[in-house]
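Hi,

Here's the structure I promised to pass on. Have a look at it first, then read my notes below.

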Amino acid sequence: MEFQWYPGHMTKARRAMQEDLKLIDVIIELVDARIPYSSKNPDIDALANGKSRILLLNKSDLADDAVTQEWVREYEEKGYFTALVNSKSGKGVREVHQVIQKACKEKIERDRKRGILNRPIRAMIVGIPNVGKSTFINSFAGKACARTGNKPGVTKGKQWIRLNKNVELLDTPGILWPKFDDQAVGLRLAYIGSIKDELYNIYELSILLLKFLQESYPDKVAAFYQTEQAKDEIRQLEQIAGRRGCLKAGGELDLDKAARYLIDDFRNGKIGKISLERPE
Ligand code: G4P
């Protein structure tokens with residue numbers, strides 16, 4: 001399956017991001033814990049230019065815990081501070097405060113030596129579409145926090161959310177683009193619903209997902225749909241169609257409808273906690 005999804009406004013977005021990054025001390029990048037490589041922006045490392053880096057593996061409720069731990073090790077070895085979060089339930093969100101303090105320890109120390117006390121750390125949330133940036137900001141900032149409004153000078157035109165006396169968060173997240181040129185990445189983004197449904201064929205997508213699931217999580221599909229374990233993906237989809245009563249007018253199995261069920265159940269975590277990729 002081929003994906004065509006290159007947005008025209010990427011250059012503009014990149015420039016805007018560069019401007020925003022000048023204002024901040026720490027970049028908090030969200031990725032989807034099911035695809036911590038494929039949902040990570042390829043250019044942010046170059047743009048970040050020495051800033052402190054935090055990587056949040058969001059939607060950790062949907063990913064395989066053991067694989068997620070492998071990713072945590074992988075990214076920590078690369079110099080990121082990491083945390084697992086479920087922005088929807090709020091699990092792990094408060095702990096991000098401690099991670100920010102750890103990530104900015106050197107900067108706080110430097111400020112202190114220069115006699116600058118209590119200057120809040122400025123943070124910004126970035127990530128590709130649909131990783132949960134808005135949900136995270138709402139959960140992290142909560143209702144109690146005050147929006148600081150525009151300040152003259154460096155922050156002109158920007159809204160900051162004061163989280164506490166130590167941290168200010170840019171209130172609009174930076175929207176990054178995924179890795180456009182890698183078809184395997186495109187496929188995983190399609191599985192999790194980060195590519196518009198019109199851009200791929202749902203039946204083909206479901207067959208590919210079934211193939212992956214049979215190789216990596218062989219029992220889960222059969223257990224969830226209460227079907228036999230089939231080696232053949234088409235056979236398995238037929239069984240799902242039978243179980244779910246997906247029939248066309250003439251009584252023939254409606255495999256597109258079954259495919260829709262499978263994809264939606266996967267995306268909602270109903271089939272189980274599943275990771276789509278592991279560190280190399
Ligand atoms: P974005 O700003 O990065 O584009 O993402 P946004 O916050 O809009 O979140 C995208 C979808 O992901 C939302 O679902 C949101 O509820 C869901 N989400 C965010 N964080 C988590 C998480 O940690 N775990 C789970 N399971 N889901 C998460 P939606 O289908 O668009 O809306 P709804 O189902 O919440 O109504």
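**What I found**

The protein has eleven helices and eight strands; these are DSSP runs numbered from the N terminus, with at least four residues for a helix (H or I) and at least two for a strand (E). Bear in mind that this is a predicted model, where local features need pLDDT of at least 70, side-chain atom pairs count only at pLDDT 80 or more, and totals for chains, interfaces and linings use all residues. Residues are numbered from 1 along each chain as its sequence is written, and side-chain values use heavy atoms, leaving out hydrogens and water.

On to the overall layout. The domain assignment, which is automatic or from a database, gives domain 1 (8–171) and domain 2 (201–267). Their C-alpha centres are 38 Å apart, and the whole C-alpha trace spans about 75 × 35 × 35 Å along its principal axes.

How much of the protein is buried? Of its 280 residues, 49% are, where buried means under 20% relative accessible area, exposed means over 50% and partly exposed is in between (1.4 Å probe, protein chains only). If you count contacts (heavy atoms within 4.5 Å) with a separation of 6 or more, 69% of them join residues 24 or more positions apart.

One residue to look up is Lys88, in the loop between strand S3 (81–84) and helix H4 (96–103). Lys88 counts as exposed because its relative accessibility is 77%. From Lys88 to Asp64 is 24 residues in sequence and 17 Å in space, C-alpha to C-alpha.

Cheers
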